Amino acid sequence: MSPEAVSHLIVKKIQLKNGLETNKIPRKEIPRNNFVFRSDTQHWLSKGFVVFSLPGPVQNQLMHSPDGQGYSPSVPGSYSHQTPAKVPPHPSLGQYNYSGSQNVSQLNNYQGPGQTLNRPPVAPFSGSQQTGPAPQVLLPPLQNSAAISSAGGFPPGATPPVLSNWQYSQAPTSQPLGSQTSHLAHVTGTGSPQPPSSLSGNTNPPGSYQYAASPGGPPLQNSYMKPGSAPPPVTQPLTPLHPPARPPLGPPPVGGPPLIRPSALTAGPPNTQALLNSAASREGDATSAASDGAAVQNSYDALEGGGLTATPHPSPAPPNVKMNRSVGYSYPTLPPGYQNTSAPGAPGMQASALQYPDGSKHFHQPALGTNHLSASMGALSLQQEGLRPVNLLQERNILPTTLLKAPVPNLHEDIQKLNCNPELFRCTLTNIPQTQALLNKAKLPLGLLLHPFKDLSQLPVVTSSTIVRCRSCRTYINPFVSFLDQRRWKCNLCYRVNDVPEEFMYNPVTRVYGEPHKRPEVQNATIEFMAPSEYMLRPPQPPVYLFVFDVSHNAIETGYLNTVCQTLLDNLDLLPGNTRTKIGFITFDSTIHFYSLQEGLSQPQMLIVSDIEDVFIPMPENLLVNLNENKELIQDLLKALPQMFTKSLETHSALGPALQAAFKLMSPTGGRISVFQTQLPSVGMGALKAREEPNQRATAKDIHLTPSTDFYKKLALDCSGQQVAVDLFLLSGQYSDLASLGCISRYSAGSVYYYQSYHHKHNPVQVEKLQKELKRYLTRKIGFEAVMRIRCTKGLSIHTFHGNFFVRSTDLLSLPNVNPDAGYAVQMSVEESLTDMQVVSFQSALLYTSSKGERRIRVHTMCLPVVTTLSDVYLGADVQAITGLLANMAVDRSVSATLSDARDALVNAVIDSLSAYRSAVLSIQQPGLTAPSSLRLFPLYVLALLKQKAFQTGTNTRLDERIFTMCQVKNQPLVYLMLMTHPSLYRVDNLTDEGALNVNDRTIPQPPLLQLSVEKLSRDGAYLMDAGSVMFLWIGKNCGQSFISQVLGVPNYGSIPQNMTHLPELDTAESIRTIAFISWLREQRPFFPILYIIKDDSPLKSSFLQNMIEDRTESALSYYEFLLHIQQQVNK
């Protein structure tokens, strides 16, 4: 469709050029304060708008009322359907309290990735600069200033010393400088009035239950496989350092957001931030209304509930029976028929194998810690294998031939089989040190890595009017609580004794009364609750999707708009949602273009606003429309968009004003903004200037890793307050300052996608990558207006968070959107000695609104043993989790200090831990470099981090590419992060069916892993390197003729094309095996790795060799040289 086909409505003799450009419309001609919402075209034209009617068939004129969207204007707490044309600016004084900064300029310090708590108070931000419109909100003064983070605990103006290494204790002066992030501390409960319970989406009458083994969302299909192919396998757990002596875990558990340390909320005037403050509160105290009768607070923090310091319940607690703090439950008088039986008809729900003695009047708790297990096993196998000294300089082939699995905690088998799947919840130490002193002595970081919203094939879902939680710390009942008898249970986090609600006594699965220990909540470490109305401060929001497209000349040249619009058209019916789903579009260059999709129009209408200094929303009621009722207009717009701007010569980009407009449009409901940008923003608020100097990329001091403006961070905070997340797609061949632009996603819980040098003709492989990843992005499940808390046993504390979110109310993670591909990490310390405790527990709780409008809580609970000796700490070290947590900490150090400081700290982490092991654990000093078997891969993984794009030195890494890799470190689940850090190398020219997997009638070969060194390559073979986001198939010069012809489809080595990126589908056994293996690898991840087929003379050979971690590069040591350096430092 050509631009000339666009019908124009021209008034006031406005000159049009090619139907695209218009004279700037002076803002004074447009009504400001008393903006009247009129849809009649003549009215708008008379007021100074240019209205374009885009061609399209006349749509059926379906009459519908606003109430059809699921909201009633008369109901308190319902959404307003109209956005005021001009939102009064909010006062700047006291609006936000930014940690460690007293002026606007210091906000540019990139303190985002790690958000640290429990810091000395700092002065509130009082800058007078007001950037970007935001809702009118005035926060009350902070009541608990200790919750605000400051720059490493130093007073404003002081220069903190640069630490050469991390200290893992919680002392403020020993935290990494970058681990704190400015965040609102103690946002008050200023939400809109709580809607009556009749607005709850829960239609089940009290006392009714529904249990469903829900799929929990589709597996990671990603649509990367061809139609009709088998579904992808579930991500394999990583191979263990020592053989597991216990049965494998059952179906993955599911859970919701728990809380660590609650904070008292200050009272404040109601404002428009109902969402965030509302979701948080119910996740905590809401169930107290259901199960304990406590009053529900009108804030998100109250919804989620308090932590260990929560206000005790007014009702008197039953006497706390003196007993060992161990896990398990037993009580008398259960018929023999109910012992050790699984609940029938409950897939994925395992019954406990613990015996419930008949007639016993005492409730003996078996000791289920490590001592019990060691005694029962004779202290063999695990103990000796995990602590076996390994001389790294002599044992060169230490890499296992299969993927490394998470170590199995040293727990009683009855407890371990109920434990959380390590793919969802993982700790750096599976043996928790009893004291902080012991942890400090081990020189290892203590922390958790989470993948809380992961796609699960089995997810028990519970619908009940009663969600049982501890009355003190608000922990959800879980498999690791202790039942003192049928009527009382003891919390495994704070040890309070709670009453079992009468309703919980009945097990609807077995239809038996008096078996609370057999209910799904106590048989699954991962579970999802359908939240009752007490967990809502307003009706669940509808799914709202707003797409913001860069249509400047540079953007049109890349051709991305064709790909994006076509992918949207193909997947419009697959967007997560229901009959209430809304959608809208904004385009921008140096002006902002809105699109009216009002029902009844025969064509979409385009409204241009040229005043980007003071953005306002024209016709807000027609810009976000119901997807189902206006699908034809939406399809017409998507078909017309790519051609509308083909002759545009506008080179400027007003990204900041476009984001401000999108925020204003989305504020009444919340939702997701997807913004596509191709260049450096050049005009309006948020305009940026180039800071990269290619010749100085290697000098650490000149690398600009911090934002150049706080505009995007402050706008992200505004978005977070209104439950709006922003996902950024950056498609650029030039420097675009991702360090600044990325803040809009980081603090609003969004995602960042980066397509370097995207061009539909010059770089066609990027087109396929964008298509595949955009399809996954559009169709994957999504949670709205979410909050998450992590709780842990009394004595442990969480002090630093890593990921994309905003920390609100001390420990409440604000997640306007949550997606199944996001990972999170936290750092912990041992605040009080864990004396007399044999085990500790951790629980995450995620409260969210599903795309179907259901309020849900997903809860994960993990139990780990407590140990008292240094050798046991090393025995339980999870080397992959340690590496992942250190990578997050290193990103913070790079940003707050320098890249070289971060690299030094990574190396020192290896030196310190191996030195401590050598001096305190090894009884006989041995020559060489000795490590416990559990840490034998630690130096290799740290060397891999040093060679990763985030931390490597040298001039071959673009600044935006480095920043994007840092974003991935902070937001990727551990399994994907490790693959990008230490790629997998396989020989594929001799694949066989021996040891192959059978996945949905497909045979998947399983070749052994090889070490990342050219020593392992043979010119006679073909090798596949899987580096996570990219794959390389290297063909040796003397590779067998059969592989070249039967897999590559070419007659000989010389005929292999230079830019080959796809394997032909040939009817040969070799081709079928190779394609099946590569497809299987691709299907296990949410992003699409491009496959590059390279030869010796290929220009991409250098990228392939760069991933050979064990070999020397121009700027990094080989693995053997690195070991010699570590040995020299350890022996000092």
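This passage describes the overall make-up of a predicted protein model and then several of its local features.

The protein chain contains 26 helices and 39 strands. Of its 1132 residues, 64% count as buried. The accessible surface comes to about 37900 Å². Carbon and sulfur atoms account for 52% of that surface. Contacts between residues far apart in sequence are prominent in the count: among contacts with a separation of 6 or more, 80% involve residues 24 or more positions apart.

Strand β11 spans residues 459-463. Five of its five residues are buried, so the strand is largely enclosed by the rest of the structure. Its side chains point in two directions. L459, V461 and T463 point one way, whereas P460 and V462 point the other way. Residues on both sides of β11 are buried. The strand pairs with β17, which covers residues 526-530. Three bridges join the two strands, and they run parallel. Within this pairing, V461 of β11 has E528 of β17 as its bridge partner.

A three-stranded open sheet follows the order β12-β13-β14. Its pairing is antiparallel. The edges are formed by β12 (482-485) and β14 (497-499), each of which pairs on one side only. From one strand to the next, the twist averages 35°. Strand β13 comprises residues 488-490 and is joined to β12 by three bridges. These two strands run antiparallel. D485 has R488 in β13 as its bridge partner.

Strand β30 covers residues 824-830 and includes Q827. Q827 is buried, with a relative accessible area of 5%. That value lies under the 20% limit for burial, which is why the residue is classed in this way. The side chain of Q827 makes a polar contact with the side chain of H802, at 2.8 Å. Q827 also lies 6.0 Å from H799, C-alpha to C-alpha. In sequence, Q827 and H799 are 28 residues apart.

Two aspartates have an unusual backbone setting. Most residues other than glycine have a negative phi. D836, not a glycine, has a positive phi of about 70°. This residue sits in the loop between β30 and β31 (839-850). D836 is exposed, with a relative accessible area of 64%. D1001 is likewise not a glycine and has a positive phi of about 65°. It is found in the loop between β35 (997-999) and β36 (1002-1004). D1001 has a relative accessible area of 78%, and it therefore counts as exposed, the limit being over 50%.

Helices α18 and α22 pack against each other. Helix α18 spans residues 879-896, and α22 spans residues 974-981. Their axes are 10 Å apart and meet at an angle of about 80°. The angle falls between 65 and 115 degrees, so α18 is roughly perpendicular to α22. On the α18 side, the contact is made by Q880, A881, T883, G884 and A887. On the α22 side, L974, L977 and M978 take part. Seven of the eight residues of α22 are buried, so this helix is largely enclosed by the rest of the structure. The buried residues are L974, Y976, L977, M978, L979, M980 and T981. L974, L977 and M978 thus appear both in the contact with α18 and in the buried set of α22.

A four-stranded open sheet has the order β34-β37-β38-β39. Its pairing is mixed. The edge strands are β34 (984-987) and β39 (1090-1094), and each pairs on one side only. Neighbouring strands in this sheet are turned by 15° against each other on average, direction ignored. Strands β37 (residues 1022-1026) and β38 (residues 1030-1035) pair in the antiparallel sense. Five bridges connect them. One bridge matches L1024 with L1033 of β38. Helix α24, formed by residues 1069-1083, lies across β34, β37, β38 and β39. The helix runs at about 10° to β37.

Terms used. Residues numbered from 1 in each chain as written. Heavy atoms only, no water. Buried < 20%, exposed > 50% of the residue type's maximum accessible area, 1.4 Å probe, protein only. Contact = heavy atoms within 4.5 Å. Areas by Shrake-Rupley, 256 points an atom, 1.4 Å probe, with all protein chains shown as cover. Polar contact = N/O pair within 3.5 Å; in protein donor to acceptor, adjacent residues only side chain to side chain. Pairing = 2+ DSSP bridges. Axes fitted to C-alpha atoms, helices over the stretch in contact; angles between N-to-C directions. Parallel < 35°, antiparallel > 145°, perpendicular 65-115°, else oblique.
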